[in-house]
Amino acid sequence: MTQTTQFRAVVQSGACPEAASSATTVTINSGPLAVGNYAIPGCFATVAAAVNYINTNGTSGTGTVQFDIAAGHTETAPAGGFNITATGTATRGIAFVKSGAGANPTFTASPSQTVGSVSDAVFKLVGADYITLDGLTMQENAANTVSGTAATNNMTEFGVALLYASLTDGAQNNTIKNNTISLNRTYLNTFGIYSNTRHSATVMTTAAEVTAASGSNSNNKVYTNAISNVNYGVVFIGAGTTLAAIDNGNDIGGASPVTGNTITNWGGGSALTAYTSLITNNYGIIANQQINDNISYNTVISAALATAITPGGIAKLYSVASPTSGTITSTINNNTVAVTNNPTAAAIGVIGINNQGLTPLLASATMSINDNTVQNCVLGGSTVTTGSITAITNASIPGTLNMNGNTVVNNAITATSSTSGINAGIANSGAAGTVNINNNIVRSLASTATTGQVQGIINTGAVVTALNINNNQLGNTTSGLFSTSTATSGGLFGIASSAGAGTCALSITGNDVRGITYNVAATAANTYISNTGITLSQNISNNTFTNLNVNTTGSVTFISNSVAAPAAGFKTINGNSIVTGFNKGGAGGTIALYNDGASSVCTTPVQNNNNNFSNITVTGATTITGWFNNDGTGATPAKTITGNTFSNWTGGTSSIIVLQSNFGGSNTMSGNTISNITGQAAVTGILVGSSGTIANLSVASNTVTGLSSTGTGGTVIGISNAVAGSSSSEIASNTVRTLSSTGASAVTGITASASTNILKNKISDLSGSNASSTVNGIVASSGTDNISNNLIGDLRTPVANAANPLNGINITGGTTMNVYFNTIYLNGSSSGALFGSSAISASTTPNVTLRNNIFANASTPAGAGLAVAYRRSSTTLTSYNSASNNNLLFGSAIYTDGTNTDATLAAYKSRVGSRDVLSFSENPASLFVSTSGASASFLHINPATPTGVESGGTTISGFATDFDGDTRNATTPDVGADEGNFLLSDTFG
């Protein structure tokens with residue numbers, strides 16, 4: 001072989017491509033080094049010799065030029081580091097690889113670094129391509145100790161540095177894997193692996209950015225490295241001024257756990273030197289000006305820091321300029337991050353993963369921050385006051401942002417000085433196209449902050465197309481969401497979204513909130529789900545609130561959504577529930593299950609259906625506003641509030657309203673179950689308030705039972721309508737029973753202070769146990785009411801001391817009151833000295849028409865009291881409509897007006913003239929199958945009892961069916977609410 005400039009090397013058997021024995025010395029051409037395996041020591045005595053050779057002579061062939069470095073080999077790097085400038089190709093790589101079992105080959109930084117240099121490394125890849133560093137140990141030299149300032153340092157900055165050779169020749173397609181890198185983090189210019197194409201290889205503080213894609217540091221792989229005792233773990237900084245030259249395809253951690261890097265004991269503060277585009281804050285991994293990059297499966301655990309800056313685990317950002325075109329991806333998945341900081345300044349915090357800077361919206365970009373674990377982050381010390389922890393945050397604006405499957409656990413603000421610091425789980429502020437924040441777990445947050453908030457998942461970005469916050473666990477069976485032993489006033493938010501474009505569909509579904517522990521009584525307000533972003537639509541459904549026990553005097557809101565849906569939008573709030581129960585240990589504030597006070601104009605009906613908020617316990621002066629839907633105008637939107645369950649509530653000394661709805665075009669409140677609600681003040685089952693108008697109201701087929709006010713007691717109302725509605729508004733087919741109060745107040749089954757059709761309701765078992773109690777089956781006080789086909793009975797005021805505390809129907813005002821086909825049966829008594837009652841009591845102000853009713857009062861009067869069928873408020877009869885007729889009237893007296901009393905039907909008929917000519921009286925003792933409200937046959941006519949009810953009525957247009965929906969006889973309907981084939985008796989007279 002012809003040989004030119006040559007050097008000699010000792011060869012190990014089989015180590016060099018040329019045939020040789022272990023004792024042979026051979027010469028190697030000065031030409032390109034052919035692919036094959038070269039032992040170090042052996043073919044080359046040192047790595048320095050190998051690097052110098054390939055830098056000078058290059059390589060040749062197809063395959064890999066692999067330098068097999070013996071396990072246990074030690075070597076000191078030259079001053080500035082091993083400077084690799086040789087370049088492989090896609091078909092010919094260059095690898096420096098550990099060979100054999102034992103300790104990694106160890107490379108110690110030079111003890112002769114240039115004083116003041118800020119570009120020293122153990123290995124440098126300068127414009128080098130397809131280089132592999134595998135299984136090596138790189139460390140600082142113990143002789144290098146001057147670290148106080150950049151100007152005087154003699155330290156090593158980089159374990160591995162990737163730098164460009166020229167503005168068009170970057171370091172590409174390199175693999176740095178299985179290495180151990182440890183420098184000295186007390187020197188703040190230390191980096192485990194560093195790549196930057198915005199400065200030259202020698203002058204690192206002056207911007208000199210690459211100008212072409214070939215100058216970028218792209219498609220490099222950083223796998224399975226153990227990096228420690230550095231200020232920054234891995235840093236990649238690409239081009240920003242020339243976006244065509246931006247770094248592309250760098251991969252830190254690979255696609256499985258076996259390729260992830262471990263970065264520990266890192267951090268300390270801002271770098272001493274202003275490296276071009278290196279951010280001030282300190283991170284374990286930084287990817288700046290990168291596209292199609294991957295940061296995955298890494299473990300990033302800081303040292304116990306005490307810094308004047310906010311450190312973080314992983315930062316992905318665009319600090320110079322962001323791409324504005326092209327299909328790009330960014331992936332931050334399956335990393336584990338833990339950061340501890342005991343700040344030296346008041347406003348310093350901790351960030352786990354930070355993604356920011358992509359702006360404006362790039363529709364073709366997808367960014368994923370998935371399946372990461374941010375855990376055991378601590379913000380401590382005694383200096384920080386307003387500093388916060390944010391586990392995962394995004395401010396970038398891609399077409400699609402995924403923040404899914406992450407776990408945020410055991411992050412704590414422990415600073416004894418903390419005031420308003422926030423402990424946040426996942427936050428998005430980017431106005432991306434579509435944002436998915438799904439299947440995350442946020443638990444075991446803790447804080448010593450006295451006023452600082454707790455935030456599970458927060459969105460403040462005006463998301464354009466879709467914002468999905470679904471199936472997240474804020475606390476789970478392993479541990480709860482939050483705990484503190486500080487008397488805090490800081491609000492707690494489970495999920496909160498405060499922004500969204502008018503084109504955005506918002507979905508907050510399938511989430512669970514549990515485990516909120518205040519070990520010391522707090523004054524903090526809790527809001528578990530909140531939306532204030534005016535999006536196109538909102539679907540907040542199937543969320544659960546599991547076994548919450550909150551020791552706070554602050555208010556608690558389960559769901560808040562007071563935003564106006566536009567004409568093309570919709571609101572769906574369905575299937576949400578309390579699981580097991582909810583207890584608020586502190587007295588005070590308000591409990592709101594749902595709060596919506598907007599003015600939507602959507603044409604699709606608003607839905608509040610099949611929610612179940614049961615087993616609620618509060619104490620003291622805690623007001624429960626319940627499910628409150630005040631959304632809409634007088635014309636829009638249509639609302640359906642159906643199939644909801646509210647049961648087993650124990651209130652305190654303040655009022656309770658279970659279900660309330662105002663405004664809207666067509667407002668349907670049907671099929672709801674309200675049961676076992678106990679308080680010590682006013683209790684209302686269903687309220688349609690007076691603050692707005694509703695075009696069509698239907699409160700139908702609801703069950704309201706077990707409402708009670710104890711202690712000092714208060715007003716109890718089953719269903720109340722106070723809003724102006726059309727003539728088609730109705731309260732129909734509801735069951736209202738077992739209402740009671742111990743207070744000097746009223747118990748009312750149904751009350752209407754606006755025009756309403758009240759029909760086919762079953763009202764029973766209402767009681768007031770105070771001497772000043774009043775009980776009313778139905779109260780009508782305003783407008784025009786049609787009251788028909790209702791069953792009312794078993795009303796009681798057992799200790800009342802009043803002339804008329806007990807009324808089946810009580811008309812207290814209004815304009816026109818039409819009372820048709822009702823069955824009222826009273827059988828009360830009282831131990832009071834004075835006790836009277838009325839099957840129906842009517843003010844003489846409205847025009848009242850009574851037709852085809854059963855007004856039967858078998859109560860026992862006391863003192864001067866009267867148990868009358870019909871009572872009027874004065875002697876005026878002109879407002880008693882002449883069409884009144886065909887009523888069954890029974891009582892100890894038939895009629896009284898406060899001045900006159902008619903004990904007999906004949907006397908009554910004489911008084912009222914042409915009215916009630918065909919009305920009759922009969923003892924109701926055996927008239928009914930059952931007088932128990934629990935019975936399906938409640939106040940239905942006994943078919944075995946002869947009665948004038950049979951065929952005793954007259955046809956009224958528009959009232960063709962009875963309470964049960966049975967069709968009435970077209971010419972001679974039965975009297976009362978029950979139509980049937982009964983035995984006829986002649987009771988007229």
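**Strands, rings and unusual backbone angles**

Student: In β33, which residue is the bridge partner of Ile351?
Tutor: Happy to help, and keep in mind that this is a predicted model. β29 spans residues 350-355, and it pairs in the parallel sense with β33, residues 389-394, over 5 bridges. Within β33, the residue bridged to Ile351 is Thr390.

Student: Which residue in β29 stands opposite Lys316?
Tutor: Look at strand β26, residues 312-317, which runs parallel to β29 and is joined to it by 4 bridges. Opposite Lys316, the residue to find in β29 is Asn355.

Student: How many of the residues in β29 are buried?
Tutor: A residue is called buried when its relative accessible area is under 20%. Strand β29 is mostly covered. Its buried count is 6 of 6.

Student: Is the Phe44 and Tyr53 pair stacked, edge-to-face or tilted?
Tutor: The structure holds 32 aromatic pairs. In this one, the ring centres are 5.9 Å apart and the planes meet at 50°. Planes under 30 degrees apart count as stacked and over 60 as edge-to-face, so with 50° the pair is tilted.

Student: What is the angle between the ring planes of Phe545 and Phe558?
Tutor: Phe545 sits in strand β51 (residues 544-550) and Phe558 in strand β52 (residues 556-560), 13 residues apart. Both residues are buried, and they belong to one aromatic cluster whose members include Trp627 and Trp649. Their rings form an edge-to-face pair, 5.1 Å centre to centre, with a plane angle of 85°.

Student: What is omega for the peptide bond from Thr359 to Pro360?
Tutor: Most peptide bonds are trans. Pro360 lies in the loop between β29 and β30, and the bond leading to it from Thr359 is cis. Its omega is near 5°.

Student: And what is omega for the bond that joins Thr636 and Pro637?
Tutor: Pro637 is placed in the loop between β58 and β59. The bond joining Thr636 to it is cis, with omega about -10°.

Student: Is Asp765 buried or exposed?
Tutor: Most residues other than glycine have a negative phi. Asp765 is not a glycine, yet its phi is positive, about 55°, and it is found in strand β74. With a relative accessible area of 16%, which is set against the cut-off of under 20%, Asp765 is buried.

Student: What is the relative accessible area of Tyr130?
Tutor: Tyr130 is not a glycine either, and its phi is positive at about 55°. This residue lies in the loop between β9 and β10. Tyr130 is partly exposed, with a relative accessible area of 26%.

Key. Residues numbered from 1 in each chain as written. Predicted model: local features only at pLDDT ≥ 70, side-chain atom pairs only at ≥ 80, totals over all residues. Heavy atoms only, no water. Phe/Tyr/Trp six-rings, centres within 6.5 Å; stacked < 30°, edge-to-face > 60°. Helix = DSSP H or I, 4+ residues; strand = E, 2+ residues; numbered from the N terminus. Buried < 20%, exposed > 50% of the residue type's maximum accessible area, 1.4 Å probe, protein only. Pairing = 2+ DSSP bridges.
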